[in-house]
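Me: I have a model open and would like to learn how to read it feature by feature. Could you walk me through it?

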Amino acid sequence: MLDELIRKTIREMVGGSGPPVAFLAPKGDRGLFGPESIAWKVHADFISMMIGGISSLILQALHPQALAGVWDHSSFREDLKGRLGRTAFFIAATTYGPTDMADNIIQKVNQIHTKITGLDEFGKPYSATDPHLLAWVHLTETYSFMQAFEDYRKEKLSLQNKDQYFVEMKSLGERMGAHNLPSTFAKTDSAIKSYIPELHFGERAKSILDLLENFPSKLAAKPFIKLITRAGYLNLPDWVYPVINRPTPTLLERLAVKKSVDFIAVPIREALKDGVAAHSLRRVYG
């Protein structure tokens, strides 16, 4: 009963219509990464992926050109839930999907990007096919997902395994059009910091933060969403807080949020244990 309520609440939050049966075939298809990959391990945890997703959205909103593409060509302000659902499906399909599913969605998104051009809030031209902007999106997502996994999973990765994740995800980022992506966690951190002079916290970025803090949801889901959003803020690098005019979180606040997330994570992980990753494992091994 509780499991089904949790699944229903999460579907209401990010979309989805039931068990991911599309991931069960064709038998033996390992997809782009395969079950032994670090990407399969990291992306399997719904809680840390949600937290990482929030922090990556905040980071991406700080780049005027990256934000302009979404601002001008997306319905996210009216349909944030739909936007999150499409992003979640892209990650699921490219991580766990059979090869054709992954290839098709990469091709589809790349095709959409060719039509996304315009001027940012400063009148500077942008294109969603710009490798520099594509790298920003890739860097912030992979960094945020790894940080959240490290903080909210008791299972710790070795430095070698952490770096292996960035090697794996580099192959995906390059297929999306990004160039010269780093292959380690440390170099990813450095690459993100190299963008700091380009960032801007203006009215558009402020509206994104306001949208995240007031995520449209049913009453039953609000406490969960508020907590995940707060954890997303705490998942940001420390240099971001002065940029967004927020105080750096205290150790006490971080501990309180982590304890709360750890508490709610137990029933959520139990409810979602037969999700996309489990279905995909059955596809690979039968």
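Me: Where is the place of Asn245?

Reply: Happy to help, and keep in mind that this is a predicted model. Asn245 sits in the loop between helix 12 (240-243) and helix 13. Its phi is near 55°, a positive value in a residue other than glycine.

Me: Is Asn245 buried or exposed?

Reply: The idea here is to compare relative accessibility with a cut-off: exposed means over 50%. Asn245 has 56% relative accessibility, so it counts as exposed.

Me: Which value of phi does Asn180 have?

Reply: For Asn180, phi is near 50°, again a positive value in a residue other than glycine. You will find Asn180 in the loop between helix 8 (159-175) and helix 9 (185-193). With 75% relative accessibility, Asn180 counts as exposed.

Me: What about the backbone itself: is the peptide bond from Ala25 to Pro26 cis or trans?

Reply: Omega is the angle to read here. From Ala25 to Pro26 omega is near 0°, and the peptide bond is cis. Pro26 belongs to the loop between helix 1 (2-14) and helix 2 (38-43).

Me: Let's turn to helix packing. How are two packed helices described?

Reply: Two numbers do the job: the angle between the axes and the distance between them. Take helix 3 (residues 46-61) and helix 13 (residues 251-271), which pack at an angle of about 125° with axes 9 Å apart. That angle makes helix 3 oblique to helix 13.

Me: Which residues make that contact?

Reply: On the helix 3 side they are Phe46, Ile47 and Ile51, and on the helix 13 side Val261, Ala265, Ile268 and Arg269. Sorted by type, the residues of this contact are 6 nonpolar, no polar and 1 charged.

Me: At what angle do helix 10 and helix 11 pack?

Reply: Helix 10 (residues 203-213) and helix 11 (residues 222-234) pack at about 140°, and their axes are 9 Å apart. Roughly antiparallel would need an angle over 145 degrees. Helix 10 is therefore oblique to helix 11. Leu209, Leu212 and Glu213 of helix 10 meet Lys226, Thr229 and Tyr233 of helix 11. The residues of the contact between helix 10 and helix 11 divide into 3 nonpolar, 1 polar and 2 charged.

Me: How many residues does helix 11 have, and which of them are buried?

Reply: One check is to set the end-to-end reach of a helix beside its expected span. Helix 11 has 13 residues and reaches 18 Å from its first C-alpha to its last, close to the 18 Å expected at 1.5 Å a residue. Its buried residues are Phe224, Ile225, Leu227, Ile228, Thr229, Ala231, Gly232, Tyr233 and Leu234.

Me: Now the interior. Which residues touch the most other members of the largest nonpolar core?

Reply: That core has 79 residues, and the ones touching the most other members are Ile47, Ile51, Tyr165, Leu236, Ile244 and Val261. Val261 touches Ile47, Ile51, Tyr152, Leu227 and Ala231, leaving out residues up to four places away in sequence. Another core, of 5 residues, lies apart from the largest one and includes Ala68, Ile116, Tyr126 and Leu133.

Me: How many residues apart in sequence are Ile47 and Val261?

Reply: They are 214 residues apart in sequence and 8.2 Å apart in space, C-alpha to C-alpha. Ile47 is found in helix 3, and its relative accessible area is 0%, so Ile47 is buried. Outside its neighbours within four places in sequence, Ile47 is in contact with Phe224, Ile228, Val261, Ala265, Ile268 and Arg269.

Me: Is His138 buried or exposed?

Reply: The cut-off for buried is under 20% relative accessible area. At 11% relative accessibility, His138 counts as buried. His138 lies in helix 7 (residues 131-152). Beyond its neighbours within four places in sequence, its contacts are Met169, Lys170, Gly173 and Leu181.

Me: One more: where does Leu199 lie?

Reply: Leu199 lies in the loop between helix 9 and helix 10. Its relative accessible area is 15%, so Leu199 is buried. Not counting residues up to four places away in sequence, Leu199 touches Leu62, His63, Pro64, Trp136 and Trp239. The C-alpha atoms of Leu199 and Glu121 are separated by 12 Å, with their positions 78 residues apart along the chain.

How values were computed: Residues are numbered from 1 along each chain as its sequence is written. This is a predicted model: local features need pLDDT of at least 70, side-chain atom pairs count only at pLDDT 80 or more; totals for chains, interfaces and linings use all residues. Side-chain values use heavy atoms; hydrogens and water are left out. Axes are lines fitted to C-alpha atoms, for helices over the stretch in contact, and angles run from 0 to 180 degrees between N-to-C directions. Helices (H or I, at least four residues) and strands (E, at least two) are DSSP runs, numbered from the N terminus. Angles under 35 degrees count as roughly parallel, over 145 as roughly antiparallel, 65 to 115 as roughly perpendicular and the rest as oblique. Contact means heavy atoms within 4.5 Å. Ala, Val, Leu, Ile, Met, Phe, Trp, Tyr, Cys and Pro count as nonpolar, Asp, Glu, Lys and Arg as charged, and the others, Gly among them, as polar. A nonpolar core is a set of buried Ala, Val, Leu, Ile, Met, Phe, Trp, Tyr and Cys residues joined through side-chain atoms within 4.5 Å. Buried means under 20% relative accessible area, exposed over 50%, partly exposed in between (1.4 Å probe, protein chains only). The expected span of a helix is 1.5 Å times one less than its number of residues.
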